[in-house]
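Colleague: I should like to learn how the features of a model of this kind are read. May we go through them one at a time?

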Amino acid sequence: MYQMTGADLIVKLLERQGINTIAGVPGGAALPMYDALSKSEQIHHVLCRHEQGAGFIAQGMARVSGRPEVCLASSGPGATNLITAIADAKLDSIPMIALTGQVPLSMIGTDAFQEVDTYGLTIPITKHNFLVRSAKELLTAVPSAFRIAMSDRPGPVLIDVPKDVQNQMVSFEEFPDVVVPDAAPSFDIAAIEEAARMIESAERPVLYLGGGVIHSGAAHMAVTLAEQASLPTTMTLMALGAMPMDHPLSLGMLGMHGARYTNYVLEEADLLICVGARFDDRAIGKTAEFCPNAKIIHIDIDRSELHKVKNAHVAIAGDVGQVLSELLPRVKPQLRKRWLSHVESLKGRFPLAMPGVDNPRSPYGLIHAVANCLDDNAIITSDVGQHQMWVAQAYPFRRSRQWLNSGGLGTMGFGFPAAIGAALAAPDRTVVCFSGDGSLKMNIQEMATAAQENVNVKIVLMNNQSLGLVHQQQNLFYGKRIMASRYERPTDFLKIADGFGMRAVDLDPAPNPRVTLAEALNTPGPCLIHATIDPNEFVYPMVPPGAANSEMIG
Amino acid sequence: MSEQNTNLSEFIPDVPEHNGFTKVVLELGVANHPGVMSHICGLFARRAFNVEGILCMPVGTGETSRIWLLIFEDERLSKMIKQVEKLEDVLYVNQHAGEHPVFGRLDEFFQ
């Protein structure tokens, strides 16, 4: 027989679920949970400077570990500050548990101090959510939250716990079992056989990998499939690293900022094998003109993704890894010399242009200089904007979970706290966050957290004193009318880092920026690496929003 | 990224001006606790999928409820049903013809 408060029970259940680190910000309605945490010997609490930072730190941990990680906030503004990070986790299918304090049950609905309808606010941005009405309910709600977050297509789950429920005593006989993911849905072998026949008879097949391949831990099987059937392979932003960028079959990233040849190869495909991807508009451009001549095989664990955007000729609802392991032995080895040599010739004629790649003071050159200082063990995060697309195009990703970025929601401010989370989850790795001056400012307060935790995170700041991608679009599509995308007043990021207790180096005055960069990247601990870039450098090629992928500019 | 795709209608079909005239009745088995209705109604509202009628009552011991929805069929219906089935609190979804008597008998209360 056990007896304890709801708050103590929450902490015990988290510990039993293997949680070692929680990112959060305390506040009135969360104080009983914080009091319970003070007694935990297992859980290290990372005090963040803003709840959004806590949400992205939890995401960074989860994106590296592949299992649910936890963020914690108080009621009202604490909960609303978490919302962006929760929505971001939903769109990228990241397992995360958000715990929020709430005003006492009797005060719910009275506009009490720091009361907000957290449950109602988070319905559309969570995979599921709970408003716990008794301490006893925690015995089912907390394990269910973990099970839901990590089963099938992963996602964020929120548990809102009123303060009196945290304080309420609860008695119970046994702790609930530690939960594991539900078994993945079973699928039809006949569909697998049909898919194998389609792959065999296709003349110009393309393999299209999405983030589901990473979530499922199936990258090696996807690469084997590509090699066995000689399939040119493109990856979404979320799947970069699933196949090494330097693999002979890799076409790199597709879509809005994909290389010309990649989009041209897709246009010629007669079979598209979509694995764990969802035909996002940034990847496929104008739907009707994407792979116009291709039959489609679509494999996804989320049944509602099948036929959602494009009708599939064969649709298989199942775990990507399980489906591929059934598909592989049924796919006959083929050489496809003609198709592969045609792909090679397109690659030769329409390669990704990387102007300035030898100059470390230009975007592509800086990215390559960073990559040259690191090996595949490093983790790369990015914020959102031009720098994100340049890194996605140019960084030599070679393994799953090497690349963390906000794909679906496109949240500026993601990269730095996610990097802190990644470093907490993998303390033996170097974590580099590519950021821009617009994005970095959106969670810059977490420099204090990084300094406090002494995490091995390096920010590579590409400073063009503007909101670069907005600036680019205004130049290209809005008659060069630059509105609210240039920062008139420069920010001294070096002083800011210094103020937060974080080391900072500036590549601008460095006589040999490669040497300064290498020294900064190889020194343990957090560091800001500042580099000015030209605001008139644009990301090319670019498919105008709403256009077909064949209509690339640049 | 900053710019909205201006051509979302490419893959989220426009809300039909007339949702068609074929009515469909959906029968949902759901867990019975506060909040389930808002999960379900939110899905329809977000997609501007017009729900003509809603009925909800607990079943048996009250562990579960049954929700009846009267909607106009349009081409998004099958996608909509798949989204509803994904909700954790939804146990099953059955589709019936619009003539199902569950709503017809209520007419007298809406005169």
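Colleague: In what order do the elements of chain B run from the N terminus on?

Modeller: Please bear in mind that this is a predicted model. Such an order is read by following the chain from its N terminus; for chain B the elements run β-α-β-β-α-β-α. The secondary structure of chain B thus comprises three helices and four strands.

Colleague: What percentage of the residues in chain B is buried?

Modeller: Burial is read here from the number of other C-beta atoms within 10 Å, with 20 or more counting as buried. In chain B, 14% of the 111 residues meet that criterion. Sequence separation is a further matter: among contacts in chain B between residues at least 6 apart in sequence, 73% join residues at least 24 apart.

Colleague: How many residues of chain A are in contact with chain B, and how many of chain B are involved?

Modeller: The size of an interface is often expressed as the accessible area lost when the parts come together. Here it may be described by residues in contact: 23 residues of chain A and 18 residues of chain B.

Colleague: Which elements of chain A give two or more residues to that side?

Modeller: They are α5 (118–122), β6 (128–131), α12 (281–284) and α20 (468–477) of chain A. The largest share, three residues, comes from α20(A). By class, the side of chain A that touches chain B has eleven nonpolar, seven polar and five charged residues.

Colleague: Into which domains is chain A divided?

Modeller: The assignment gives domain 1 (2–172), domain 2 (189–349) and domain 3 (363–532) of chain A. A UniProt record can be set beside this: an unreviewed entry lists residues 192–327 of chain A as "domain: Thiamine pyrophosphate enzyme central". The end C-alpha atoms of that span lie 6 Å apart, and the span is 35% helix and 20% strand.

Colleague: How far apart do the C-alpha centres of domain 1 and domain 3 of chain A lie?

Modeller: Those centres lie 29 Å apart. A distance between centres is read together with the contact itself, which takes 23 residues from domain 1 of chain A and 26 residues from domain 3 of chain A.

Colleague: Which element supplies the largest share of the domain 1 side of that contact?

Modeller: It is α3(A), with eleven residues. The elements that each supply at least two residues to this side are β2 (21–24), β3 (44–47), α3 (51–65) and α4 (77–91) of chain A. By class, the residues of the domain 1 side divide into eleven nonpolar, eight polar and four charged.

Terms used
Residues are numbered from 1 along each chain as its sequence is written. Chains are lettered from A and ligands numbered from 1 in the order in which they are written. This is a predicted model: local features need pLDDT of at least 70, side-chain atom pairs count only at pLDDT 80 or more; totals for chains, interfaces and linings use all residues. UniProt positions are given in the numbering used here, feature names are shortened, and annotations may be inferred rather than shown by experiment. Two residues are in contact if their C-beta atoms, placed from the backbone, lie within 7 Å. Ala, Val, Leu, Ile, Met, Phe, Trp, Tyr, Cys and Pro count as nonpolar, Asp, Glu, Lys and Arg as charged, and the others, Gly among them, as polar. Domain bounds come from an automatic or database domain assignment. A residue is buried if 20 or more other C-beta atoms lie within 10 Å of its own, exposed if 12 or fewer, and partly exposed in between; C-beta atoms are placed from the backbone.
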